[in-house]
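Here is a quick tour of one chain, taken a piece at a time. Keep the viewer open and follow along.

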Amino acid sequence: MNLQHALECVNLVPLFRSLPQKQKEEVARLVVQHQYVKGDMIYMAGDSVGHFLILEAGQIKISQAAANGKEQLLKVMQPGDFDGEASLFNGNQRNVTATALVNSNVCQIEQDAFQNLLKTSSQLAIKLLATMSQQISDLQEEKTLASTTDTTGKLAKYLLETSAGLGTAQFKLPLKKKDIATYLGTTPETISRIFKQLATDGIIVSSRSQVTILDEDRLVDLV
């Protein structure tokens with residue numbers, strides 16, 4: 001993986017984006033690219049964390065087993081999302097499972113290599129601490145905004161992110177509608193009703209798991 005490509009991955013992450021160019025290049029030299037096909041398990045609950053990953057392209061679902069043994073969907077990673085930042089600083093085990101929903105490209109940084117870099121660059125360590133503090137504040141604000149977004153807005157956001165991640169306005173939903181409902185914190189009936197309304201309004205065309213976004217601007221207005 002060449003340095004420019006690795007830098008593009010590094011720049012996707014707020015934790016690294018504000019670093020001086022020289023320090024970003026130091027981080028970029030640690031990046032290794034991995035490719036996964038639909039259905040590949042990237043890691044499982046119980047695995048040693050060991051690395052930090054950046055999703056460059058595709059979609060990854062983060063899930064865990066519920067008390068009844070069924071899969072509980074926690075998050076759908078979109079391009080630009082990252083996972084395992086705590087692993088850069090500790091050696092905990094995973095408590096969730098990550099699976100590729102579609103063919104996906106991942107940029108990965110190994111924990112040991114990153115920690116060795118921090119030992120040789122106190123400026124980088126200080127900058128990262130400041131960035132992480134700001135990130136915590138931003139996440140708290142995002143959580144407040146998310147709690148006030150209605151279900152139609154949440155579904156619109158999911159469709160836009162999926163379209164962007166797959167690079168097309170016409171796509172097959174990577175998740176079943178019942179799983180989308182669980183992910184968005186609502187019922188399958190509500191999701192079906194919103195899909196029908198979006199189609200009636202001429203914003204999308206939807207047939208089973210196939211979706212075509214006809215009016216992206218109006219979909220954005222719903223978010």
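Leaving aside neighbours within four places in sequence, which residues is methionine 41 in contact with? Before we get to that, a word on what you're looking at.

## The overall picture

This is a predicted model. The chain has nine helices and eleven strands. It runs to 223 residues, and 39% of them count as buried. Take the contacts between residues at least 6 apart in sequence, and 68% of those join residues at least 24 apart.

## Methionine 41 and its partners

Back to the opening question: once you set aside the neighbours within four places, methionine 41 touches Thr97, Ala98 and Thr99. With alanine 98, the sequence separation is 57 residues, yet the C-alpha atoms sit 6.0 Å apart.

Methionine 41 itself belongs to strand β2, which covers residues 41-43. Is methionine 41 buried or exposed? Neither, quite: its relative accessible area is 44%, so methionine 41 counts as partly exposed.

## Helix α1 and what packs on it

Helix α1 spans residues 3-10, and its buried residues are Ala6, Leu7, Cys9 and Val10. Those four cover an arc of only 155 degrees around the axis, so they end up on the same side of α1. As a reminder, an α-helix has 3.6 residues a turn, so residues three or four places apart point the same way.

So what covers the buried residues of α1? The cover includes the helices α2 (14-17) and α3 (21-28), along with the strands β1 (31-36), β3 (51-57) and β8 (104-110). At the N-terminal end of α1, asparagine 2 acts as a cap, with a side-chain oxygen 3.2 Å from the backbone nitrogen of glutamine 4.

## Two sides of α4

Now jump to α4, residues 111-120, where Gln111, Phe114, Leu117 and Leu118 are buried. Looking down the axis of α4, you'll find these buried residues within an arc of 125 degrees, which means they line one face of the helix. Swing round to the other side of α4 and you meet Asp112, Lys119 and Thr120, which are exposed.

## α8 and its two crossings

Helix α8 (residues 188-200) is worth a look for its contacts with α6 and α7. Start with α6, residues 151-166: the axes of α6 and α8 come within 10 Å and cross at roughly 70 degrees. That angle makes α6 roughly perpendicular to α8. On the α6 side, Thr151, Thr152, Leu155 and Leu159 take part, and they meet Thr190, Ile191, Ile194, Phe195 and Leu198 of α8. By type, the residues in this contact of α6 with α8 are six nonpolar, three polar and no charged.

Then there's α7, residues 177-184, whose axis comes within 8 Å of that of α8, with a crossing at roughly 105 degrees. α7 and α8 are therefore roughly perpendicular to each other, too. From α7 the contact draws on Lys177, Lys178, Ile180, Ala181 and Leu184, and from α8 on Pro188, Ile191 and Phe195. This contact of α7 with α8 divides into six nonpolar residues, no polar ones and two charged.

## A loop with a positive phi

Last stop: the loop between β10 (204-207) and β11 (210-213), where you'll find arginine 208. What is phi of arginine 208 near? The value is near 60 degrees, which is positive in a residue other than glycine. Arginine 208 also counts as exposed, at 76% relative accessibility.

How values were computed:
Residues numbered from 1 in each chain as written. Predicted model: local features only at pLDDT ≥ 70, side-chain atom pairs only at ≥ 80, totals over all residues. Heavy atoms only, no water. Buried < 20%, exposed > 50% of the residue type's maximum accessible area, 1.4 Å probe, protein only. Arc of directions from axis to C-beta. Contact = heavy atoms within 4.5 Å. Polar contact = N/O pair within 3.5 Å; in protein donor to acceptor, adjacent residues only side chain to side chain. Axes fitted to C-alpha atoms, helices over the stretch in contact; angles between N-to-C directions. Parallel < 35°, antiparallel > 145°, perpendicular 65-115°, else oblique. Nonpolar A, V, L, I, M, F, W, Y, C, P; charged D, E, K, R; others polar.
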